[in-house]
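Subject: Structure handover

Hello,

Please find the structure below. My notes on it follow.

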Amino acid sequence: IILIQRKMFIKKLYSLKKNEIKELASKKLKSVGLSDRILELYPAELSGGMQKRVSLARAICTDPKIIFFDEPTTGLDPIMANVINDLIIKIREELGATTIAITHDMNSVRKIAKEVVLIHNGKIQWSGTKDEMENTDNPYMVQFINGLSFGPFEI
């Protein structure tokens, strides 16, 4: 079972019985668009997009108030990346959670972000809203969002 890593944590945290854990896993899988059938599969039997959705389901099992996403769309085709972005928005709204995503995918930033921070060498080089991001003249952000090979980022 893919959600086995969280099983011990959930059982300890909520003192859930085996059938209750399976019910919770099923509910969270459905919330990310996957069926109960996934519970019987191994990770290697899942596509990259399915693995990302299972990770989302696992992350929301405890209804967290803060969720960190590390490169949530890396390795996905543009269509599946958009599905994941939509799920991140859905999860954020349903749980009322704060979501923090680390990503290089500017399409994801434009879709899921409210606030954006660009960090380089451990320092904040720019911060603002995603609307401000599109209109900034900050050389770091301009280089990054346009993928330019010249600018303050050393290549």
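A residue is called exposed here when its relative accessible area is over 50%, buried when it is under 20%, and partly exposed in between. K30 has a relative accessibility of 53%, so K30 counts as exposed. Please keep in mind that this is a predicted model.

Overall picture

The protein has 155 residues, and 41% of them count as buried. There are seven helices and four strands, and their order along the sequence is α-α-α-β-α-β-α-β-β-α-α. Taken along the principal axes, the box filled by the C-alpha atoms is roughly 55 × 30 × 25 Å. The accessible surface amounts to about 9800 Å², with 55% of that belonging to carbon and sulfur atoms. If you take the contacts between residues at least 6 apart in sequence, 49% of them join residues at least 24 apart.

Salt bridges

The count of salt bridges is six; three of the pairs are described here.

K30, the exposed residue from the opening paragraph, pairs with D36 at an N to O distance of 3.9 Å. The cut-off for a salt bridge is 4 Å between the side-chain nitrogen and the carboxyl oxygen, so a pair at 3.9 Å is included. D36 has a relative accessibility of 36% and therefore counts as partly exposed.

In the pair of D86 and K111, the closest N and O atoms are 2.6 Å apart. D86 belongs to helix α4 and K111 to helix α5 (residues 106-112), so this salt bridge ties together parts that are 25 residues apart in sequence. D86 is partly exposed at 38% relative accessible area, and K111 is partly exposed at 29%.

The side chains of E94 and K90 also form a salt bridge, at 3.6 Å from N to O. Both residues sit in helix α4, four residues apart, which means that about one helical turn separates them. E94 is exposed, with a relative accessible area of 52%, whereas K90 is partly exposed, with 30%.

Backbone with positive phi

Most residues other than glycine have a negative phi. Which residues here depart from that pattern? Among them are D63, with phi near 50°, and E71, with phi of about 50°.

D63 is in the loop that runs between α3 (48-59) and β1, while E71 is in the loop between β1 and α4 (78-95). Are these two loop residues buried or exposed to some degree? D63 counts as partly exposed because its relative accessibility is 39%. E71 has a relative accessible area of 17%, so E71 is buried.

N121 also has a positive phi, near 55°, and is part of the hairpin of β3 and β4, where two residues lie between the strands.

The β3-β4 pair

Strand β3 covers residues 115-120 and strand β4 covers residues 123-129. The two strands run antiparallel and are joined by six bridges. One of the bridge pairs is V116 with G128, the latter being in β4.

Surface patch

A nonpolar patch on the surface is formed by I66, F68 and I100, which together have about 320 Å² of accessible area. Of these residues, I66 is found in strand β1 (residues 66-70).

Surroundings of Q51

Q51 is in helix α3 and counts as partly exposed, at 34% relative accessibility. What does Q51 touch when its neighbours within four places in sequence are left aside? The residues in contact with Q51 are then P43 and L46. With L46 there is a specific atom pair to look at: the side chain of Q51 reaches the backbone oxygen of L46 at 3.2 Å. For a distance across the model, the C-alpha atoms of Q51 and V109 are separated by 21 Å, with these positions 58 residues apart along the chain counted as their separation.

Regards

How values were computed
Residues are numbered from 1 along each chain as its sequence is written. This is a predicted model: local features need pLDDT of at least 70, side-chain atom pairs count only at pLDDT 80 or more; totals for chains, interfaces and linings use all residues. Side-chain values use heavy atoms; hydrogens and water are left out. Patches are made of residues with over 30% relative accessible area and no salt bridge: like charges are joined within 9 Å, nonpolar side chains (Val, Leu, Ile, Met, Phe, Trp, Tyr) within 5 Å. Accessible areas come from the Shrake-Rupley method with a 1.4 Å probe; for residues, only the protein chains shown count as cover. Buried means under 20% relative accessible area, exposed over 50%, partly exposed in between (1.4 Å probe, protein chains only). Contact means heavy atoms within 4.5 Å. A polar contact is a pair of N or O atoms within 3.5 Å; within protein, one must be able to donate a hydrogen and the other to accept it, and residues adjacent in sequence count only if both atoms are side-chain atoms. Two strands pair if DSSP finds at least two bridges between them.
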